Amino acid sequence: MKSPALLMPIAFLLITNTVQAKTIHISPDIRLGEHDGYGLQLGVKDVMWLDAVFISIGKIEGESTGIYTDSYRKEKVHTYRLGGQYAFDRAEVHKVQLELGLSKYSGRYYNYNNLSKEHYKSDGISYSTSYVYQATDTFGLRAGVEFNFFGPFSTPRVFDTTVNATLGFTLSI
């Protein structure tokens with residue numbers, strides 16, 4: 001397959017066909033960090049012993065200056081994750097989300113002194129964890145952090161890692 005995004009609809013269909021779902025889980029978010037982006041969770045609620053099971057797709061991109069002022073880089077990271085949400089109190093107001101999946105990095109590094117351009121592409125592992133405050137039965141607030149790890153020396157980034165904070169909300173329809 002050319003893209004892991006093709007696996008997401010298949011996983012979603014398997015989840016919904018094997019379990020009788022009560023409601024749909026939707027959660028858009030924004031991603032803040034060195035580069036900004038956005039994401040979306042889509043899944044089903046009340047699956048087995050979890051409050052929600054979902055797929056998560058996201059993208060961060062941006063430009064930043066290199067170590068020296070005569071260089072900069074343009075980068076994009078796409079994330080594809082499967083996740084679950086679990087309430088850790090009896091009132092089911094405080095919840096935690098854990099996600100694990102794949103990330104795809106593409107970037108260009110420009111150096112103006114010798115007019116060089118370097119292209120980078122790498123696949124890696126993506127992990128995210130979030131805290132959810134369930135304000136009502138249908139609405140919750142979400143805050144978390146995501147990590148994307150790539151192979152050693154496969155990107156011009158320090159430690160070949162991106163870290164972003166995520167802010168969003170959850171809806172149960």
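**Figure 1. The salt bridge between Arg142 and Asp29 in the predicted model.** In this predicted model, Arg142 and Asp29 form a salt bridge whose closest N and O atoms are 2.7 Å apart. The two partners come from distant parts of the chain, since Arg142 belongs to strand E7 (residues 139–150) and Asp29 to strand E1 (residues 24–33), with their positions 113 residues apart in sequence. Both Arg142 and Asp29 are buried. The pair is one part of a network of salt bridges that links Asp29, Arg31, Arg81, Glu99, Arg142 and Glu146, and the structure as a whole holds 11 salt bridges.

**Figure 2. The salt bridge between Arg81 and Glu146, from the salt-bridge network that also includes Arg142 and Asp29.** The side chains of Arg81 and Glu146 meet with an N to O distance of 2.9 Å. This pair likewise links distant parts of the chain, with Arg81 in strand E4 (residues 71–87) and Glu146 in strand E7, 65 residues apart. Arg81 counts as buried because its relative accessibility is 1%, below the cut-off of 20%. Glu146, at 0% relative accessibility, counts as buried as well.

**Figure 3. The salt bridge between Lys95 and Asp51.** Side chains of opposite charge can pair when their charged atoms come close. In the view shown here, the closest N and O atoms of Lys95 and Asp51 are 3.9 Å apart, and the two residues form a salt bridge. Lys95 lies in strand E5 and Asp51 in strand E3 (residues 50–65), so the pair ties together parts of the chain that are 44 residues apart in sequence. Lys95 is buried, with a relative accessible area of 3%, and Asp51, at 9% relative accessibility, counts as buried too.

**Figure 4. The surroundings of Gly140 in strand E7.** Gly140 is buried, its relative accessible area being 0%. When residues up to four places away in sequence are not counted, Gly140 touches Tyr133, Gln134, Ala135, Phe169 and Thr170. The C-alpha atom of Gly140 is separated by 8.7 Å from that of Gly168, a residue 28 positions away along the chain.

**Figure 5. Val47 and Gln85.** Val47 has its place in strand E2 (residues 36–47) and is buried, with a relative accessible area of 2%. Between Val47 and Gln85 the C-alpha to C-alpha distance is 9.9 Å, while in sequence the two residues are 38 residues apart.

**Figure 6. A positive surface patch that includes Arg108.** Lys76, Arg108, Lys117 and Lys121 together form this patch. Arg108, one of its members, is found in strand E5 (residues 94–111), the strand that also holds Lys95 of the salt bridge with Asp51. With a relative accessible area of 43%, Arg108 is partly exposed, whereas Lys95 is buried at 3%.

**Figure 7. Two loop residues with positive phi, Glu92 and Phe153.** Glu92, which is a residue other than glycine, has a positive phi near 55°, and its place is in the loop between E4 and E5. Phe153 is not a glycine either, yet its phi is positive, at about 60°, and Phe153 lies in the loop between E7 and strand E8 (161–172). As for accessibility, Glu92 is partly exposed, with a relative accessible area of 44%, while Phe153 is exposed, with a relative accessible area of 79%.

**Figure 8. The whole chain, as context for the close-up views.** The secondary structure of the protein comes to 1 helix and 8 strands, and from the N terminus on the elements follow the order α-β-β-β-β-β-β-β-β. Of its 173 residues, 44% count as buried, and the accessible surface comes to about 10,000 Å², with 65% of that surface belonging to carbon and sulfur atoms. Among the contacts with a separation of 6 or more, 57% are accounted for by residues 24 or more positions apart.

Conventions. Residues numbered from 1 in each chain as written. Predicted model: local features only at pLDDT ≥ 70, side-chain atom pairs only at ≥ 80, totals over all residues. Heavy atoms only, no water. Patch = residues over 30% accessible without salt bridge, like charges linked within 9 Å, V, L, I, M, F, W, Y side chains within 5 Å. Areas by Shrake-Rupley, 256 points an atom, 1.4 Å probe, with all protein chains shown as cover. Salt bridge = Lys/Arg side-chain N within 4 Å of Asp/Glu carboxyl O. Lys, Arg positive; Asp, Glu negative; His and termini not counted. Charge placed at Lys NZ, Arg CZ, Asp CG, Glu CD. Helix = DSSP H or I, 4+ residues; strand = E, 2+ residues; numbered from the N terminus. Buried < 20%, exposed > 50% of the residue type's maximum accessible area, 1.4 Å probe, protein only. Contact = heavy atoms within 4.5 Å.
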